[in-house]
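Hi there,

Here is the structure I promised to pass on to you. Please open it first, and then read my notes below with the view beside you.

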Amino acid sequence: MPCTRICSQECAVLHNHRCPVRQKSLAFQHSRAAVLRGSNSRRSLRVLAVDYPAPQLETSAPFLQAAALSAKLREAPRPERPLQIVIAGAGLAGLSTAKYLTDAGHEPILLEARDVLGGKVAAWKDEDGDIYETGLHIFFGAYPNVQNLFSELQIQDRLQWKEHSMIFASRDIPGQFSRFDFPQWLPAPFNGILAILRNNDMLTWPEKIKFALGLLPAIIFGQRYVEEQDDKTVTEWMRKQGVPERVNDEVFIAMAKALNFINPDELSMQCILIALNRFLQETHGSKMAFLDGSPPERLCQPIVDYFVGRGGQLRTKSRLQKVLLGSGGDVEGFQLADGSTVTGDLYVSAMPVDPLKKLLPASWAQMPYFSKMSQLKGVPVINIHIWFDRKLTTVDHLLFSRSDLLSVYADMSTCCKGMASDTMSMLELVFAPAEKWINRSDQDIIDATMTELERLFPTEVAADQSKAKIRKYKVIKTPLSVYKTVPGCELLRPTQRSPIPNFYLAGDFTKQRYLASMEGAVFSGKLAAEAIVEDWNAKSLPAPAQSAAQKQEEPVLQKA
Ligand SMILES: Cc1cc2nc3c(=O)[nH]c(=O)nc-3n(C[C@H](O)[C@H](O)[C@H](O)COP(=O)(O)OP(=O)(O)OC[C@H]3O[C@@H](n4cnc5c(N)ncnc54)[C@H](O)[C@@H]3O)c2cc1C
């Protein structure tokens, strides 16, 4: 699609713009969006459905660092023969492990329990061909390993970048929004600081000043201070730093729910500081993009094509049921639910922490590396899709709902090319905290959601459906999703290299600096591949993998 015009959020007529911008499709060229009224940052806006140009990430330090790690794996000394590496779990962590192991000259065998790829980014199509997902997923500029992965697979054009803003629904005025707009002409951290200073809807000047003073130690003492804050919840930190309670209510409830699906009185302050650091230190860090369709198809399948085309294997419906140990205590095979055994030279778990804990052999359970992990636990979350009979007032962006039950939401019929419709809205909403709701019926959850939507769309949605009508809905519950980031859990996260010589871990819960996120998952897979390369590529290697029975006779592999 040829480039045509740029749009700023304040322009009323799309066709008067001069600058070029890549557009999505003809359907997306028209201003189908909202006119939002108010004062200051709530002034009249016309938000347009267009793709924004991809930010210039390639020259940023984190992107270059991530590119250097990809190059290290690609250029690693070739092993004497490719090692067969059995990986359990085809979420982004397992897929990334497999991809980077093939880059380093190995042959991964990726086992996935289900018949769908992607784990927490898994998605399906219903009988009408409409996509529904495990979670509404946003890709940030501050995801250097994910951005590198998209480039390496040559699928960067599948990310639909939105304007550089964070948009919060007003808590007090139904149907209104408050924006943090990051000016394009300023580098980090000044673009973020100006975005905060220019927003006068959510925080008063004295509140902003007190909050800034509270953050001073993080700015002065940096990483050491950030790590030390893992002993406090967000709410405890706010009180200790003398930050007004309203800052918590106005900003941090929404942020905590978006980051970890829990409230600030449970979330570790370290989590917030890490996110602020990433978003504010990088000029495009908080810029957001939507994938242009279903993640298994648009992101996971290209990864599979990549490693299968280079000698790797994918086996779906292959659930790991037991980790088989040899006499030396190392892994001898992965026994699957159908009774078969898959053997290789090395083994990786890329399963989430909860199923992994259940499968750990008893003889490992006492090792501190594994016993610490037993305290990590997934948090419940619910992802809701509601297809309406009409197009609602819409914004081409992620929105922070700031309501009791909902976290973030988006009209996917506007934000995502693969779900586009000019005549009907599909709202995708993250329902959190979900602890009290995870066992409730879908109908109860939809009824509660509609009551909250009445406030977000006062002129168009009524809880009794006397206005917009629900055509259909899908409620996807994940009782154990990403690990709950409560105080103290940073120390419990395991590294990718385990104490067992031929066993490694990947997964968003493993140690890496991007919390539980798609970036964390992809990075963890890359780190697991790096550990394997460092331990094995330069070594003289053992004989090819044999059956479990044959392997019992062989010596235990030792790490460097
Ligand atoms: C509702 C929701 C919204 C989210 N929004 C965002 C967002 O906007 N941005 C963002 O960056 N992150 C977001 N996340 C987090 C992100 O999805 C995860 O951090 C990431 O996808 C985790 O990847 P993973 O590979 O570590 O684990 P998973 O995706 O959980 O993958 C693990 C895989 O292991 C498989 N498995 C489990 N047991 C076995 C077994 N016994 N044998 C074989 N395979 C097994 C599973 O089926 C799964 O495929 C969101 C998550 C949810 C739930």
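Of the 560 residues of the protein chain, 48% count as buried. Please keep in mind that this is a predicted model. The chain has 16 helices and 22 strands. Among its contacts with a separation of 6 or more, 69% are between residues 24 or more positions apart.

A good place to begin is the ligand. Its shell is made up of 39 residues, and the closest of them are G89, G91, A93, G119 and G135. Three elements each give two or more residues to that shell: helix 3 (92–103), strand 17 (381–388) and helix 15 (518–537). Which of the elements gives the most? That is helix 15, with four residues. By character, the shell divides into 20 nonpolar, 13 polar and six charged residues.

Where does the ligand sit with respect to the domains? Domain 1 (62–121 + 295–377 + 485–551) gives residues to the shell, and domain 2 (126–139 + 153–157 + 378–478) does too, so the ligand lies between them.

Two of the helices from the shell also pack against each other. Helix 3 and helix 15 meet at an angle of about 40 degrees, and their axes are 7 Å apart. Their crossing is right-handed. On the helix 3 side, the contact is made by L92, A93, G94, L95, S96, T97, Y100 and L101. Helix 15 brings M518, A521, V522, S524, G525, K526, A528, A529 and I532 to the contact. The residues of this contact divide into eleven nonpolar, five polar and one charged. You may recognise A93, which is also among the closest residues to the ligand.

Just before helix 15, have a look at Q512, in the loop that links strand 22 (503–505) to this helix. Is Q512 buried or exposed? With 24 other C-beta atoms within 10 Å, Q512 is buried, because 20 or more are enough to count as such. Leaving aside residues up to four places away in sequence, Q512 touches G520, F523, S524 and L527. Q512 and F523 are eleven residues apart along the chain, and their C-alpha atoms are separated by 7.2 Å.

Now for some backbone details. Most residues other than glycine have a negative phi, and most peptide bonds are trans. With that in mind, here are the exceptions I would like to show you:

- A188 and P189 are joined by a cis peptide bond, with omega about 0 degrees. P189 is in the loop between strand 10 (177–181) and helix 5 (190–198).
- A432 and P433 are also joined by a cis peptide bond, with omega about -5 degrees. P433 belongs to the loop between strand 20 (426–431) and helix 14 (442–456).
- Q154 is not a glycine, yet its phi is positive, at about 55 degrees. You will find Q154 in the loop between helix 4 (144–152) and strand 8 (159–161).
- R402 is a residue other than glycine with a positive phi, near 50 degrees. Its place is in the loop between strand 18 (399–400) and strand 19 (406–411).

What are the surroundings of Q154 and R402 like? Q154 is exposed, with 9 other C-beta atoms within 10 Å. R402, by contrast, is buried, with 24 other C-beta atoms within 10 Å.

Enjoy exploring, and do write back with any questions.

Best wishes

How values were computed:
Residues are numbered from 1 along each chain as its sequence is written. This is a predicted model: local features need pLDDT of at least 70, side-chain atom pairs count only at pLDDT 80 or more; totals for chains, interfaces and linings use all residues. A residue is near a molecule or strand if its C-beta atom, placed from the backbone, lies within 6 Å of it. Ala, Val, Leu, Ile, Met, Phe, Trp, Tyr, Cys and Pro count as nonpolar, Asp, Glu, Lys and Arg as charged, and the others, Gly among them, as polar. Domain bounds come from an automatic or database domain assignment. A residue is buried if 20 or more other C-beta atoms lie within 10 Å of its own, exposed if 12 or fewer, and partly exposed in between; C-beta atoms are placed from the backbone. Axes are lines fitted to C-alpha atoms, for helices over the stretch in contact, and angles run from 0 to 180 degrees between N-to-C directions. A crossing is left-handed if the near helix is turned anticlockwise from the far one by less than a right angle, and right-handed if clockwise. Two residues are in contact if their C-beta atoms, placed from the backbone, lie within 7 Å.
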